[in-house]
Amino acid sequence: MASHYDVIVIGTGLTESITAAALSKAGFTVAHIDENLYYGGDEASLDLDDLDQWAKKRSAASDKPLSSPYLQAQAEKFVSISAVASPPPHSRQYSVSLLPSLIPSTGPFIASLIASGVSRYGGYKLLERVAIYHSAGLVKNVPGSKEDVFKSKDLSLVEKRRLMRFLLFAAGDFAGSKELQGHEDAPFIDFLRTTFSLSMDVATAITYALAFCSAASDPTLPALTRIHHYLRSSGRYGNSPFLVGHYGGAGEIVQGFCRVSAVVGGVCILARNILSIKQSPPPEGHPQPTYVVELEGFDEPLTSRLIISAPDYTPFLSNGTSQDNTHSSPPPFSSRRVARGVIVIDHPIYFPFLAPPSSDSDPIVGASVSTESMITPVDTAVLVFPPSFLPDGSSTTAAHAFITGAGSMSAPVGIVNISLPLDGAGSSPPDAKAILTPYVNATMALTKRPSSGDVVSDPIFTLFYIQNQLLPSNSENEVTPPLPDLETCFTTPPISPTLSECADSAAMNAEKLFWKAVNALKGHPTHTPGQGEEIPEGQDLVEIESFWPPLETIVDDEGDESW
Amino acid sequence: MHGVKRTRQSREAEEARKLKEQAKLKDYLLLTEDLLSRKKKKDWSKEAFDLATKLLHSNPEFYTIWNYRRNILINGIFPSSSVEEINSILSSDLSLTTSALKAHPKVYWIWNHRRWCLENVPPGPSSPTGEQTQGWRQKNWEREMYVVERMLDADARNFHAWNYRRYILSLFPTPPPPTQELKYTTHKIESNFSNFSAWHQRSKILPLIWEKEGKEREEEMRELEFDLVRNALYTDPNDQSAWLYHRWLIGPHPDPILLTREITSIQELLSEQPDSKWCMESLVHYTLLLISLTPETEREEMKSECRRLLAELAGVDPCRKNRYQEISERLGV
């Protein structure tokens with residue numbers, strides 16, 4: 001195994017893995033390191049035993065001195081961890097995603113999935129539904145298309161017209177429009193009510209279930225931009241704008257990117273603690289220093305000209321350099337806390353919609369739509385709890401429960417992933433389990449078949465925790481070195497935590513990082529030809545034109561115009 | 001460099017493709033010449049039949065060859081075949097044209113050929129007692145319904161498919177009940193109501209049902225139809241198909257109370273969507289209708305409302321300005 005690389009990427013999270021794959025494919029030598037024994041970092045998908053271990057390692061942290069600064073950082077990030085029940089048997093049949101994510105059918109993430117070839121490694125399914133919790137045991141469908149609006153029995157005629165007007169506005173070119181002028185930062189839900197005269201019910205549905213906002217204060221322009229994106233994504237593969245990755249979503253996809261990197265020669269090292277990261281003076285003719293990374297159990301350190309690191313590993317960088325520690329600046333990002341719950345179910349969930357009015361049950365004309373939802377359970381869906389809709393829930397922020405069933409290949413029956421952003425800073429750390437219990441109960445109430453004598457079932461395993469999330473900033477300059485003198489060392493910026501946005505956010509961050517790395521390494525690549533590739537005569541420099549190089553595709557012979 | 005090799009390759013591929021095309025064109029022209037001369041000579045052989053099939057593969061719109069091919073069947077192949085063989089030939093022709101339809105869903109001659117095949121399926125098979133059953137025909141009709149439904153799933157607005165569907169339904173000796181067909185149109189309208197054919201089909205089926213169900217039930221069902229179409233109008237006032245259906249529902253001799261109610265509903269829609277041309281146009285049409293049902297003395301207010309709408313229409317729809325002006329002038333008389 002070589003010991004010198006162009007780039008060492010530390011952490012196998014989603015952003016880091018996409019970046020590593022792109023850099024490998026562009027011809028750079030990449031070593032990819034992670035202290036965990038699984039791929040994915042904070043975006044990993046874990047089976048239940050591994051999830052249990054994950055939780056134990058981070059909650060035991062305060063008891064004894066930690067084996068690594070990385071774990072210390074993780075223990076500060078994930079707090080109030082409590083698991084209920086030990087993992088059920090056949091743990092490997094389950095794949096729990098630490099970052100629940102939806103993949104929009106258009107956008108930077110799916111573009112990268114396809115262009116990198118990673119899409120060929122996995123399977124995907126369309127999200128079936130987004131619904132809003134209405135009251136105990138009932139949910140309301142969220143209309144997101146003209147078809148939904150037409151068929152809806154919950155909306156009056158005037159509400160339908162106004163909702164369509166809004167959807168057309170959002171799907172069109174609203175930048176600079178008179179409706180938007182001056183309202184870009186106003187709360188989105190207020191904008192909907194005043195500018196489009198939408199009722200509270202409809203505005204709530206749009207805000208929390210179409211735009212995936214988390215609070216009533218969320219501003220208009222980002223929410224509108226998201227809706228625009230999702231409206232445009234709908235129809236590419238089916239009725240929903242979103243795909244869900246099989247076998248655990250993001251975590252499974254991460255492995256695809258790591259594989260892509262390995263296929264073209266990238267090296268990946270898991271489960272080794274980092275002992276130190278130091279700088280040594282640049283070799284002759286190079287303006288930049290060499291980084292020296294010592295790993296536990298390795299005789300020789302790894303060296304590189306560039307480091308890309310997940311934030312939880314950056315303490316190594318300030319400790320490991322010979323520079324003054326007082327220069328370490330806090331990351332320029334704001335943060336928030338989010339309560340997360342992982343609930344494993346062994347009875348499927350039903351979405352019983354509000355009973356339709358009598359016209360629908362006319363023997364001749366009646367539509368058959370509503371009764372169907374009363375008997376078939378949902379497989380892959382999102383259940384939204386707007387603020388104040390749940391009596392014991394939050395009155396300021398919305399919770400999103402992401403349900404993945406057997407069809408998503410992540411569980412024999414299903415897993416529910418609940419996220420609830422928390423308001424304000426309390427002095428004492430909040431109790432994740434206590435905060436999320438009302439939501440768990442409301443969700444489990446839906447495991448009872450509607451109008452039947454069934455009893456509500458219990459989860460077979462639950463895990464609660466609070467995650468301190470860094471939030472992305474709006475500035476262009478997100479990718480900054482952690483220390484002023486480390487020009488060739490980058491930390492990955494935070495991903496947007498929103499369920500529908502996180503994947504695209506990671507892809508965009510990865511692309512920015514990729515170009516920064518390319519520019520930093522420019523002119524002196526250690527080019528290792530990929531399989532079958534020839535270096536054209538007279539050219540030993542690689543011109544990188546795009547984020548992903550062209551995929552080898554099978555040229556389709558047009559042939560006869562046969563039927 | 002990454003990009004270079006591939007363009008060079010595809011330029012070569014382009015040249016190769018062009019050569020292939022030239023070869024294909026040459027073959028096609030030779031085949032056409034051959035077939036047309038055989039047709040002149042009244043060649044009814046199996047060889048000619050197969051050649052015709054081959055030509056139609058590349059050009060299903062060549063109706064002369066379809067005709068020739070059918071003549072081969074009638075004059076050459078059928079006379080020397082048993083009933084079973086005829087049925088089997090027609091069945092395989094139907095399969096052949098199914099694939100053709102997937103690629104060319106709107107070619108008249110393919111639909112035409114299917115009809116011909118259906119009409120020529122012989123009665124059979126014979127039952128044990130020697131009677132002729134409709135077994136083969138029934139089986140083909142059922143398959144045709146399935147094919148037409150797949151076609152309508154792919155393109156719900158393909159009027160060829162809707163016409164063909166009506167044709168098949170008329171063939172069944174025991175046709176499926178109109179209520180089933182109604183449910184089908186409901187299903188199609190719900191998935192996308194911008195579909196003239198689906199609404200049209202509804203307007204053909206409902207009168208059949210109403211005839212059987214009686215006056216009271218008809219009133220009830222009409223109300224449900226108004227409810228359905230009003231939902232479509234409010235969801236998308238720009239969609240003409242819904243307006244046309246509404247006009248059909250109103251009919252030429254509506255009850256004045258019903259008419260007034262619908263006018264009010266459209267006025268509400270117009271206030272929500274002030275630029276809607278169809279709203280204004282329909283209001284004018286219905287108000288004129290109402291005027292004709294109203295005593296002379298109460299007409300003035302409605303007339304001036306019409307004039308106002310027509311003036312606005314002339315602004316919103318300047319291409320038809322003169323038409324609106326003409327209607328307005330006739331009102332004044």
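Buried here means under 20% relative accessible area. With that in hand, let's walk through this predicted model.

Q: In E2(A), which residues point the same way as Val30(A), and are they buried or exposed?
A: Strand E2 of chain A runs over residues 30-34, and five of its five residues are buried. Ala31(A) and Ile33(A) point one way from the strand. Val30(A) points the other way, and its companions there, also buried, are His32(A) and Asp34(A).

Q: Which residue stands opposite His32(A)?
A: A good place to look is the neighbouring strand E1 (residues 4-10) of chain A, which pairs with E2(A) in the parallel sense over four bridges. Opposite His32(A) in E2(A) stands Val9(A).

Q: In the open sheet of three strands in chain A, what is the strand order?
A: Let's start at the edges: strand E6 (103-104) and strand E7 (124-126) of chain A each pair on one side only. E7(A) pairs with strand E10 (residues 242-245) in the antiparallel sense over three bridges. The order, with antiparallel pairing, is E6-E10-E7.

Q: What is the bridge partner of Leu126(A) in E10(A)?
A: E7(A), residues 124-126, is an edge strand, and it pairs with E10(A) over three bridges. Within E10(A), the partner of Leu126(A) is Leu243(A).

Q: What is the angle between the planes of Phe169(A) and Phe196(A)?
A: This is one of 31 aromatic pairs over all chains. Phe169(A) and Phe196(A) sit 5.0 Å centre to centre and count as tilted, with an angle between the planes of 50°.

Q: How many residues apart are Phe169(A) and Phe196(A), and where do they lie?
A: Phe169(A) counts as buried because its relative accessibility is 12%, and Phe196(A) is buried with 2%. Phe169(A) belongs to helix H6 (residues 157-171) of chain A, while Phe196(A) is in the loop between helix H7 (188-195) and helix H8 (200-210). The pair therefore links distant parts of the chain, 27 residues apart.

Q: Which residues do ring pairs link into a cluster with Phe169(A) and Phe196(A)?
A: Both of these Phe residues belong to a cluster in chain A that is linked by ring pairs. Their fellow members are Phe166(A), Phe174(A), Phe188(A) and Phe191(A).

Q: Why is the pair of Trp199(B) and Tyr245(B) tilted?
A: Trp199(B) is buried at 2% relative accessibility, and Tyr245(B) is buried at 2% as well. Their ring centres are 4.6 Å apart. The pair is tilted because the planes meet at 35°.

Q: Which helices hold Trp199(B) and Tyr245(B)?
A: These two residues are 46 residues apart and link distant parts of the chain. Besides Tyr245(B), Trp199(B) touches residues including Ile189(B), Phe193(B) and Leu228(B). Trp199(B) lies in helix H9 (residues 196-213) and Tyr245(B) in helix H11 (residues 240-250) of chain B.

Q: Which helix gives the largest share of the largest nonpolar core?
A: That core has 89 residues, and those with the most contacts inside it are Leu35(B), Ile168(B) and Trp199(B). At least three residues come from each of domain 1 (26-122) and domain 2 (252-333) of chain B. The largest share, nine residues, comes from residues 277-293 of chain B, helix H13.

Q: Which residue lies over the face of Tyr121(A)?
A: In chain B, Lys277(B) lies over the face of Trp278(B), at 4.5 Å from the ring centre. For Tyr121(A), the residue over the face is 3.8 Å from the ring centre, and it is Arg259(A).

Conventions: Residues are numbered from 1 along each chain as its sequence is written. Chains are lettered from A and ligands numbered from 1 in the order in which they are written. This is a predicted model: local features need pLDDT of at least 70, side-chain atom pairs count only at pLDDT 80 or more; totals for chains, interfaces and linings use all residues. Side-chain values use heavy atoms; hydrogens and water are left out. A nonpolar core is a set of buried Ala, Val, Leu, Ile, Met, Phe, Trp, Tyr and Cys residues joined through side-chain atoms within 4.5 Å. Buried means under 20% relative accessible area, exposed over 50%, partly exposed in between (1.4 Å probe, protein chains only). Domain bounds come from an automatic or database domain assignment. Contact means heavy atoms within 4.5 Å. Two strands pair if DSSP finds at least two bridges between them. Rings of Phe, Tyr and Trp (its six-membered ring) pair if their centres lie within 6.5 Å; planes under 30 degrees apart count as stacked, over 60 as edge-to-face and the rest as tilted. A charge sits over a ring if NZ of Lys or CZ of Arg is within 6 Å of the ring centre and within 35 degrees of the ring normal. Lists of a residue's contacts leave out its neighbours within four places in sequence.
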